[in-house]
Amino acid sequence: MRNKLLPIAIWIILAAAAGCGGSYSPNPPEEVSFLDRAETQSRNGITITVAVLSREESQEVFGVDLAANGVQPVWLDIENNTGKPYFFMPIALDPDYFSPNEVAFMNHLKFNRSANREMDEQFSKYGIQIEFVMPGERDKGFVYTNLDPGLKFVNVTLYEIDGTENFFFYFEVPGIQPDYENVDFPTLYTKDELVYIDDEAELRKALEALPCCTTGSDGGGGGEPINVVLIGDPDDISSAVVRRKWDVTEADTGKFKFDLGRAFSPEGYRTFPMASLYLFGRRQDVSLQKSRRETDAAYRQRNTLRLWLTPVRYKGKTVWAGAVSRDIGSDLRIRKYWFAAQEIDPDIDETRDYLVEDIILSQNVDKLGYVDGVGVSTSEDPRYNLSKLPWWSDGYRAVLLFGKDQITLGDLGYFDWEDVDAIYDGGTGGDGTGAADEGAQGK
Amino acid sequence: MPGLWGCASYCANQDTLDSSEFSTPPAKGCKVYAPSPDPAKDVPFKVRAETQSEDGISVSAVVLSDYESERIFGVNLARNGIQPVWLEIGNTTDKPVTLIYVATDPGYYSPNEAAYTNYSYANPVNEEMNEYFNKHSIKREIPAGGVLSGFFYTNWDPGIKYLNVSIYGEEQEKNFVFYFVIPGIKLDYQRVDWDTLYKKDEYVNYETEEELRKVLEAVPCCATRKDGTGENDALNFFVIGDTDNIISAFIRRGWDVTEPISVSSGLRAFKAYFSGARYRTSPMSSVFVYKRAQDIGLQKARSTIHERNHLRLWLMPVRYKGMDVWIGSVSRDVGSYFTFRTPWLSAHAIDPDLDEARTYLVQDLLFSGGVEKFGYIKGIRPSTPDDPHRNFMKQSWWTDGYRAVFVFGDDPVTLNELDFFDWEWAGENGAEVIEFIKAMSAGRKQGKPAAPAPIKPD
């Protein structure tokens with residue numbers, strides 16, 4: 001009997017030591033390759049280098065799975081070659097950033113005090129000093145931010161006594177496969193198919209001529225309206241939508257994959273795959289979404305924006321046809337497998353107006369206008385989408401032209417087209433000083 | 001889908017009771033939707049309305065309590081995180097103006113969406129609910145000379161709500177800023193009898209910065225036991241100003257007020273401890289200065305109850321240029337653990353690097369636009385990880401010994417208008433930074449654009 005129990009006892013002790021005690025083995029950041037993806041901006045004697053760590057990279061550097069706790073380290077290197085001290089303010093980058101000891105505490109092991117102490121030291125040592133960077137000095141280290149999957153917007157705000165400097169970056173973070181990576185954009189249109197337009201009247205005609213609505217995969221069936229048009233360099237458009245906290249969408253692999261951790265984490269649903277709608281005979285090229293993150297409503301409530309590259313180029317800029325709608329109901333966790341319909345807000349113009357306001361507040365929009373093309377429908381006589389759900393619209397599509405510079409909203413320009421009476425004929429306003437806009441006060 | 005089971009079983013019962021009606025549409029009225037036919041008449045929420053006007057535009061606003069919104073809309077909206085705000089916007093200018101939904105609440109709910117959260121499965125009253133929510137919602141566009149009123153469906157906030165009604169008109173944006181104390185929740189500062197806290201002749205007023213500095217430096221390092229003995233949490237900042245200006249700056253930056261410790265708040269905290277849920281106004285333990293518990297507790301929750309920044313404020317019997325002076329203690333909760341030291345069996349583990357939380361607060365308040373003048377003073381014995389202070393929960397903490405001093409003004413201040421006390425500065429580079437600040441202050445006094453002389457690094 002005793003002989004039989006002994007190996008079991010040894011096994012239990014070993015398991016306890018390995019499983020609960022655990023060990024801790026981080027690597028210095030210099031040995032991990034994330035710096036290859038770093039981006040650098042220089043202005044007025046300040047040089048900023050930023051890199052966002054993927055899940056695997058942060059695991060390598062810190063020896064623990066930070067993403068599991070919703071933490072995403074951002075590497076910063078701030079070089080001050082001016083004559084003035086600059087104060088780095090991480091609160092503008094993430095109003096809820098984590099402190100080094102906080103991140104360490106999340107990952108503390110149950111019965112291993114020395115490893116825990118080592119962890120505290122590791123996170124503090126690589127955390128960036130939050131204080132004035134003196135002239136000629138350099139400050140580098142990590143800011144522990146809240147996890148953003150897919151695309152991350154990084155705003156580095158430096159304060160000197162008489163003002164602030166802002167540096168904006170956005171990154172594609174490895175780890176998920178966004179649906180647009182499956183699209184081979186250069187081969188979408190041949191050279192002959194491209195239409196170059198430099199004139200506003202012609203642009204208006206081209207945009208009015210876009211199909212009214214999306215279709216099913218066979219080109220038939222009901223669809224949702226093409227109610228927005230985005231014009232600009234892809235980089236400018238993405239930086240604007242990312243700044244307004246839209247998320248990219250993962251490609252749907254079509255495989256049944258049940259991820260238990262994700263089923264109970266609203267965060268995991270920020271990039272959840274989206275159903276395919278068709279325009280020009282193909283599925284949307286890019287899907288973007290913005291889900292409600294504060295509550296568990298992320299499973300049910302999100303705004304979705306589907307974009308298709310059109311063959312039109314306006315003053316050399318790409319033109320994207322878009323369909324925006326507001327998912328108000330069915331649970332994503334159920335929808336995918338039980339084929340529940342995707343409930344949308346039938347007052348689809350409300351969602352379009354939301355998008356216009358939201359994107360304008362990014363301060364990247366030069367010009368706004370409206371064109372016809374969807375066709376009028378009403379709540380008494382609605383149209384129906386693929387899921388046989390009703391929607392109605394005044395028939396206008398919003399046109400947003402993106403620029404390189406920051407446009408304060410008083411300076412927003414207008415296309416002198418449809419006079420969409422009531423909504424934004426005099427234009428909208430706002431300088432983004434809403435509570436959610438960090439750093440706006442400093443500008 | 002809330003209400004699915006309740007309604008389904010109720011409908012099933014009806015079917016069995018009246019099987020002859022089987023072929024008629026399923027159970028019409030199986031659940032009755034009975035919203036208030038005339039909200040303003042049925043529920044006297046308008047008595048709390050606050051009005052502001054500027055350049056021909058007037059805005060009245062009321063935030064509904066959870067009880068009021070349930071009475072009016074006939075469904076529990078708070079449960080789904082929705083807090084209706086009643087707005088009335090008058091436009092006497094000769095051009096239409098627009099209410100910018102997204103700037104007023106970036107995550108607002110559309111009427112159909114707010115209604116949908118209360119749908120029950122295949123229930124004919126869903127349609128009625130949609131109509132009601134739409135009919136009583138406020139539209140974006142206010143025509144020239146017109147008045148519009150209705151509800152705007154915002155995200156739910158407990159205690160005090162900061163509401164920035166953003167209106168675009170005449171090519172410029174106007175922000176009407178309101179703070180509402182929402183009925184239906186007890187708050188810790190409401191139990192303080194402000195009039196008897198100090199006698200009138202107990203207050204000492206100071207007019208000069210040097211006097212102020214001496215008084216604040218002389219404040220003991222730490223909070224104490226109820227009898228005034230021992231060293232508990234560090235007193236690591238001071239806020240000076242009109243109390244309304246101070247609290248509104250905190251609320252603007254997303255800080256929440258705190259419920260006093262009671263059986264119900266304790267139970268909620270206990271539940272939140274085990275579920276890890278968010279409890280934005282969870283009670284705080286009492287910490288004593290002047291032999292009394294904090295007058296006001298404020299907190300900023302992250303995603304769970306375990307992680308939040310929290311601070312406590314005590315009113316001092318001191319005035320600076322006639323303004324109130326408060327002692328503060330701020331720390332960062334990094335997690336919770338089980339303990340018998342508190343009545344609700346859980347306590348927060350604080351970040352022992354206390355200056356980290358102070359630095360967070362400094363950034364947060366400077367961005368609030370409410371701070372006019374800022375500086376640091378000493379007053380706590382510096383300590384290190386190897387030789388830390390310990391509070392009464394036996395948690396260690398360490399600090400460089402500096403305290404932040406904030407003076408709040410009436411008008412919004414942008415960061416580049418901020419003024420500084422040229423006393424001392426925290427951090428490794430503190431000595432150099434203070435030289436810059438002195439140079440800048442001197443420059444500003446002479447009316448020069450402040451361009452401090454560069455210091456060459458060693």
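## Strand β15 of chain A

Ser287(A) has Arg306(A) of β15(A) as its bridge partner. The model is predicted. That pair belongs to the contact between β14(A) and β15(A), where 6 bridges join the two strands in the antiparallel sense.

β15 of chain A spans residues 302-314. The strand is mostly covered, with 11 of its 13 residues buried. Three further topics follow from it: a parallel partner, a hairpin partner and the turn between them.

The parallel partner is β9 of chain A, residues 195-197. It is joined to β15(A) by 3 bridges. Here Ile197(A) stands opposite Tyr314(A) of β15(A). So β15(A) runs parallel to β9(A) but antiparallel to β14(A). Strands of a sheet pair through backbone hydrogen bonds, and either sense is possible.

## The β15-β16 hairpin of chain A

β16 of chain A covers residues 317-327. It pairs with β15(A) over 10 bridges, again antiparallel. Arg302(A) has Asp327(A) in β16(A) as its bridge partner.

The two strands form a hairpin with 2 residues between them. In this hairpin Lys315(A) takes a positive phi, near 50 degrees.

## Helix α6 of chain A

α6(A) runs from residue 234 to residue 243. Like β15(A), the helix is described as mostly covered. Of its 10 residues, 7 are buried. They are Asp236(A), Ile237(A), Ser238(A), Ser239(A), Ala240(A), Val241(A) and Val242(A).

What lies over these residues? The cover includes strands β7 (151-160), β8 (163-172), β10 (228-232), β14 (286-291) and β20 (397-402) of chain A. Helix α9 (348-360) of chain A is also among the covering elements. After α6(A) comes Lys245(A), which has a positive phi near 70 degrees.

## An open sheet in chain A

β7(A) and β8(A) also belong to an open sheet of 4 strands. The order is β5-β4-β7-β8, and the pairing is antiparallel. β5 (132-133) and β8 of chain A are the edge strands, each pairing on one side only.

β4 of chain A, residues 86-88, pairs with β5(A) over 2 bridges. The sense is antiparallel. Phe87(A) has Phe132(A) in β5(A) as its bridge partner.

## Domains of chain A

Chain A is assigned two domains: domain 1 (23-172) and domain 2 (179-426). Their contact takes 8 residues from domain 1 of chain A and 9 residues from domain 2 of chain A. On the domain 1 side, β7 and β8 of chain A each supply at least two of the touching residues. These strands are also among those that cover the buried residues of α6(A).

What is the make-up of the domain 1 side of this contact in chain A? It divides into 6 nonpolar residues, 2 polar residues and no charged ones.

## Domains and overall make-up of chain B

Chain B has 458 residues, of which 43% count as buried. Its secondary structure comes to 12 helices and 22 strands. Among contacts in chain B with a separation of 6 or more, 65% join residues 24 or more positions apart.

The domain assignment gives domain 1 (32-181) and domain 2 (188-427) of chain B. The C-alpha centres of these domains lie 34 Å apart. In the contact, 5 residues of domain 1 of chain B meet 7 residues of domain 2 of chain B. The domain 1 side of this contact has 4 nonpolar residues, 1 polar residue and no charged residues.

## Helix α10 of chain B

α10(B) holds 13 residues, 263-275. From its first C-alpha to its last it reaches 18 Å, close to the 18 Å expected at 1.5 Å a residue.

Which residues of α10(B) are buried? They are Ser265(B), Ala269(B), Ala272(B) and Tyr273(B). Seen down the axis of α10(B), they fall within an arc of 105 degrees, so the buried residues line one face of the helix. An α-helix has 3.6 residues a turn, so residues three or four places apart point the same way.

The buried residues of α10(B) pack against β16 (323-338) and β17 (346-350) of chain B. The face turned away from this buried side carries exposed residues: Val263(B), Ser264(B), Leu267(B), Phe274(B) and Ser275(B).

Note on methods. Residues are numbered from 1 along each chain as its sequence is written. Chains are lettered from A and ligands numbered from 1 in the order in which they are written. This is a predicted model: local features need pLDDT of at least 70, side-chain atom pairs count only at pLDDT 80 or more; totals for chains, interfaces and linings use all residues. Domain bounds come from an automatic or database domain assignment. Two residues are in contact if their C-beta atoms, placed from the backbone, lie within 7 Å. Ala, Val, Leu, Ile, Met, Phe, Trp, Tyr, Cys and Pro count as nonpolar, Asp, Glu, Lys and Arg as charged, and the others, Gly among them, as polar. A residue is buried if 20 or more other C-beta atoms lie within 10 Å of its own, exposed if 12 or fewer, and partly exposed in between; C-beta atoms are placed from the backbone. Two strands pair if DSSP finds at least two bridges between them. The expected span of a helix is 1.5 Å times one less than its number of residues. The arc is that of the directions from the helix axis to the C-beta atoms.
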